[in-house]
Amino acid sequence: IAGLQSSIGEASDMLSNISLGLKMDICNTMPLGLRLTMIPLDANDNIIEDIEIDDLVIRAGSGGKILDENGALSADAVPQKFSFAITSKSGDISSLDKLAMTIEATSNSTTGSGGLESAQGLKISNLVFEVSGDIEFK
């Protein structure tokens, strides 16, 4: 997710007490629990240590297909809804420009009796970035 600095910069001129949030739906049909980590980066791809984002734990899927024959989500792809806050220890988020996303397994083995198959997958959709704060008229 890139280009956040320009959006935040425009809003920060009129807002104080800015808070950021991110919402998304994640469908996981792999029989494997996953952890999604967001890494806050500035415009030069440096990690911003001051900004904290909690990891998301994605529960293991059923082992079914992610897509049906028509390319739509299959009945096995049940969305999990996630929402989390992006916070800064200092209260300054103006340097945030990108969020790098990593996904890793939370276990060394799959759940149930099945293994991983090529038809299984992970789909992230309905990604919404929220900026809120107190409006200041100057």
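Strands here are DSSP runs of at least two residues, numbered from the N terminus. With that in hand, Gln120 can be placed in the loop between strand E6 (98-105) and E7. Keep in mind on this tour that the model is predicted.

**Whole chain**

Colour the chain by secondary structure. You get 1 helix and 7 strands, and going from the N terminus the elements run α-β-β-β-β-β-β-β. Now colour by burial: of the 138 residues in the chain, 34% are buried. Show contacts between residues at least 6 apart in sequence, and 84% of them turn out to join residues at least 24 apart. Switch on the surface too: the chain exposes about 8,000 Å², with 49% of that coming from carbon and sulfur atoms.

**Stop 1: Gln120**

Back to the loop residue we began with. Is Gln120 buried or exposed? Buried means under 20% relative accessible area, and Gln120 counts as buried because its relative accessibility is 10%. Select its side chain and follow it to the backbone oxygen of Gly63, which it reaches at 2.8 Å. Leaving aside residues up to four places away in sequence, Gln120 touches Thr29, Met30 and Pro31, then Gly63, Gly64 and Ile66, and also Gly115.

**Stop 2: the sheet around E2**

Select 34-41, which is strand E2. Most of E2 is covered, with 6 of its 8 residues buried. Which strands flank it? Add E4 and E6, and you have an open sheet of 3 strands in the order E4-E2-E6, with antiparallel pairing. E4 and E6 stand at the edges with a single partner strand each, so each has one side left without a neighbour in the sheet. From one strand to the next, the twist averages 25°.

Zoom in on the E4 side. Strand E4 (residues 56-58) and E2 pair over 3 bridges in the antiparallel sense. Leu36 stands opposite Leu56 in E4, and Arg35 has Val57 as its bridge partner there. On the E6 side, 8 bridges join E2 to its antiparallel partner; to find your bearings, look for Ile39 standing opposite Ala100.

**Stop 3: strand E5 and its two faces**

In a regular strand the side chains alternate between the two faces of the sheet. For an example, select E5 (residues 79-88) and show the side chains. Which ones point to the buried face? Gln80, Phe82, Phe84, Ile86 and Ser88 do, whereas Pro79, Lys81, Ser83, Ala85 and Thr87 point to the other face and are not buried.

Add strand E3 (residues 51-53) next. E3 and E5 pair over 3 bridges, in the antiparallel sense. One bridge to click on is that of Ile51, whose partner in E5 is Ser88.

**Stop 4: two positive phi values**

Most residues other than glycine have a negative phi. Which residues should you pick to see a positive one? Start with Asp45, which is not a glycine yet has a positive phi of about 65°. Asp45 sits in the loop between E2 and E3 and counts as partly exposed, at 48% relative accessibility.

Then jump to Asn126, also not a glycine, with a positive phi near 50°. Asn126 lies within a strand, E7 (residues 122-135). Asn126 counts as exposed because its relative accessible area is 53%, and exposed means over 50%.

Notes. Residues are numbered from 1 along each chain as its sequence is written. This is a predicted model: local features need pLDDT of at least 70, side-chain atom pairs count only at pLDDT 80 or more; totals for chains, interfaces and linings use all residues. Side-chain values use heavy atoms; hydrogens and water are left out. Helices (H or I, at least four residues) and strands (E, at least two) are DSSP runs, numbered from the N terminus. Buried means under 20% relative accessible area, exposed over 50%, partly exposed in between (1.4 Å probe, protein chains only). Contact means heavy atoms within 4.5 Å. Accessible areas come from the Shrake-Rupley method with a 1.4 Å probe; for residues, only the protein chains shown count as cover. Two strands pair if DSSP finds at least two bridges between them. A polar contact is a pair of N or O atoms within 3.5 Å; within protein, one must be able to donate a hydrogen and the other to accept it, and residues adjacent in sequence count only if both atoms are side-chain atoms. Axes are lines fitted to C-alpha atoms, for helices over the stretch in contact, and angles run from 0 to 180 degrees between N-to-C directions.
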